[in-house]
Every structure is written in structure tokens, then in C-alpha cells.
Amino acid sequence: MLRTKQISGVCSLTLGNLIKCEQFEPNIIYTQCIRWKRKPIWLPTAKSKVFRVPPRPKILIEEYIELKRLNNNYRTVMKSLMQYFENEFKKSQVQFDEITVNKIAEKDFIQSNLINDEWNMQIAKIREDRLAREKEERKETILKKLLEKEERDKRKEQEIEEHVKKLKEEAPTFITAANIDKAIEEALINIVNHDFAIDLKGNCYTEPYSDSKKINVNSNNVMSP
């Protein structure tokens, strides 16, 4: 038969009233299973056995010596283990002491600053090289743009000179206040008729024509679809 006893400090009577089934597990995390045969473990000692003095067990001398040796070994090991724990605790106290922690933090801060300064020097060198390279590239770009602007100005100046030269050649044909009368007379003598027609083939017709001619011209020049 299996029964459970709670380890959380509950009274035995309360636990006895709670346990009415073959197996009782209020919380499997805080319980411990115990096996018994006749009497539940939470019941008190029987009245007939309260003042009973059990007989002292008789052990052989060889077995006594072996048990004593094992006990001494156990006590030695446990004492060594406790001493080890005490030493580790003292080390931890020294390690986590405020002065020691401050010294370690200051030392770590100094080392971190040294590493940071070294990184800053490396980054500064890389930045200087990059800025120098960009400066040279910018100089080359500016020089290229200046050369292109100079060539463009030269071409523009040459075009202006050609235009001015052409205007100088055409200057004698300009109408000015000195030759305006002569230009008017020539315009009246040489009348230019702008009333002309052009067919689909590009032929120019300046002579006057009648409606019959107009119809024939239109019928002859109409393109087939």
C-alpha cells in the first residue's frame, strides 16, 4: 500500500483527515512517497511501547572495527568537504568585497580605455586615408570639370565669333537710317508676290489661274488612297 506525507509542515491529524484514498498527492512537487506495512507513519507510538527499552544490539568486534573505520572515513570526508566549502565561501567574500570589486572595476575600466584608444587610433588612420583618397578624387573631378568647362567656353566663344563674322558679312544688307529711302524704293520696284500655291509634288504655282484650271490642278494632284 502507498501513502503520502506532505513535507510542507502540515499537522499529522489534518493530513490524516485529508487522506481517505489509496494514494493522495496534493502537489507532486512538495510531496514524498513513503511505504509502510501495518501502521501509518503519522500515528503516534503505541501505549504499550512508549516505555519499552529495546535491547542493545550485539555486534561482532570485526564488524564494529569496520563500521568505526567507515564512520571515521565518512567524518573525515565530510570535514574536508565542509572545510572546502568554507574556503570557497571566504574566497567569494574576498572576491565580492567592495574594495576588491572597485579595484577590479577600475582595472577593467583602464583596460577598456586602452582598447578603446587603440580602436580609435585605427579608425582615425582609416578615416584619414579615406579622406585623403576622397580629396584626391575630388581634385581630379574638379580639374576634369574645369577642363570640360574651358572646352565648352572655347566652343561657345568660337560659335559667337562665327555668328559675329556672319553678321558682319550681312551688315551691308541691313536697312539703316542712311539707306532706308533706297530700300523703300527697291521694295516698291521689285514687288514680291507671296500668293502662290504648292502641290503635293512640291511644284510652286505663282501665275494666276481660273476656276477651271483650279479644278484640273486639284483633280490631277489628288493622290489615290
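A search of the whole structure finds four salt bridges, a salt bridge being a side-chain nitrogen of Lys or Arg within 4 Å of a carboxyl oxygen of Asp or Glu. This is a predicted model, where local features need pLDDT of at least 70 and side-chain atom pairs count only at pLDDT 80 or more, while totals for chains, interfaces and linings use all residues. Residues are numbered from 1 along each chain as its sequence is written, and side-chain values use heavy atoms, with hydrogens and water left out.

**Exercise 1. Get your bearings: how many helices and strands are in the protein chain?**

Step 1. Count the elements: the protein chain has five helices and four strands. Helices (H or I, at least four residues) and strands (E, at least two) are DSSP runs, numbered from the N terminus.

Step 2. Put them in order. Along the sequence, the pattern reads β-α-β-α-α-α-β-β-α.

Step 3. Check the burial. Of the 225 residues in the protein chain, 5% are buried. Here buried means under 20% relative accessible area, exposed means over 50%, and partly exposed is in between (1.4 Å probe, protein chains only).

**Exercise 2. Work through salt bridges in helix 3: which residue does Arg130 pair with?**

Step 1. Recall the basics: side chains of opposite charge can pair when their charged atoms come close.

Step 2. Find the partner of Arg130. That's Glu134, with the closest N and O atoms 3.3 Å apart. Both lie in helix 3, four residues apart, or about one turn of the helix. Arg130 is partly exposed at 35% relative accessibility, and Glu134 is partly exposed at 39%.

Step 3. Move along to Lys149, which forms a salt bridge with Asp153, their closest N and O atoms being 3.1 Å apart. Lys149 and Asp153 are also four residues apart in helix 3. Lys149 is partly exposed at 41%, as is Asp153 at 35%.

Step 4. Add Lys154 and Glu150, whose closest N and O atoms are 3.9 Å apart. They sit four residues apart in helix 3, so about one helical turn separates them. Lys154 counts as exposed because its relative accessible area is 51%, while Glu150 is partly exposed at 41%.

**Exercise 3. Look at Asp199: is it buried or exposed?**

Step 1. Locate it. Asp199 is in the loop between strand 3 (197–198) and strand 4 (204–205).

Step 2. Check its surroundings. Asp199 is buried yet has no salt bridge, and the nearest side chain of opposite charge, Lys201, is 6.7 Å away.

Step 3. See what its side chain does reach: the backbone nitrogen of Gly202 at 2.9 Å, and the backbone nitrogen of Asn203 at 2.6 Å.

**Exercise 4. Find the charged patches: which residues gather in a patch of negative charge on the surface?**

Step 1. Know the rule. Patches are made of residues with over 30% relative accessible area and no salt bridge; like charges are joined within 9 Å, and nonpolar side chains (Val, Leu, Ile, Met, Phe, Trp, Tyr) within 5 Å.

Step 2. Name the negative group: Glu157, Glu159, Glu161 and Glu162. Glu162 lies in helix 3 (residues 98–170) and is partly exposed at 49%.

Step 3. Now the positive group: Arg38, Lys39, Lys49 and Arg52 gather in a surface patch. Lys39 is in the loop between strand 2 (31–35) and helix 2 (61–95), and is partly exposed at 40% relative accessibility.

Key:
Accessible areas come from the Shrake-Rupley method with a 1.4 Å probe; for residues, only the protein chains shown count as cover. Lys and Arg count as positive and Asp and Glu as negative; His and the chain ends are not counted. The place of a charge is taken as NZ of Lys, CZ of Arg, CG of Asp or CD of Glu. A polar contact is a pair of N or O atoms within 3.5 Å; within protein, one must be able to donate a hydrogen and the other to accept it, and residues adjacent in sequence count only if both atoms are side-chain atoms.
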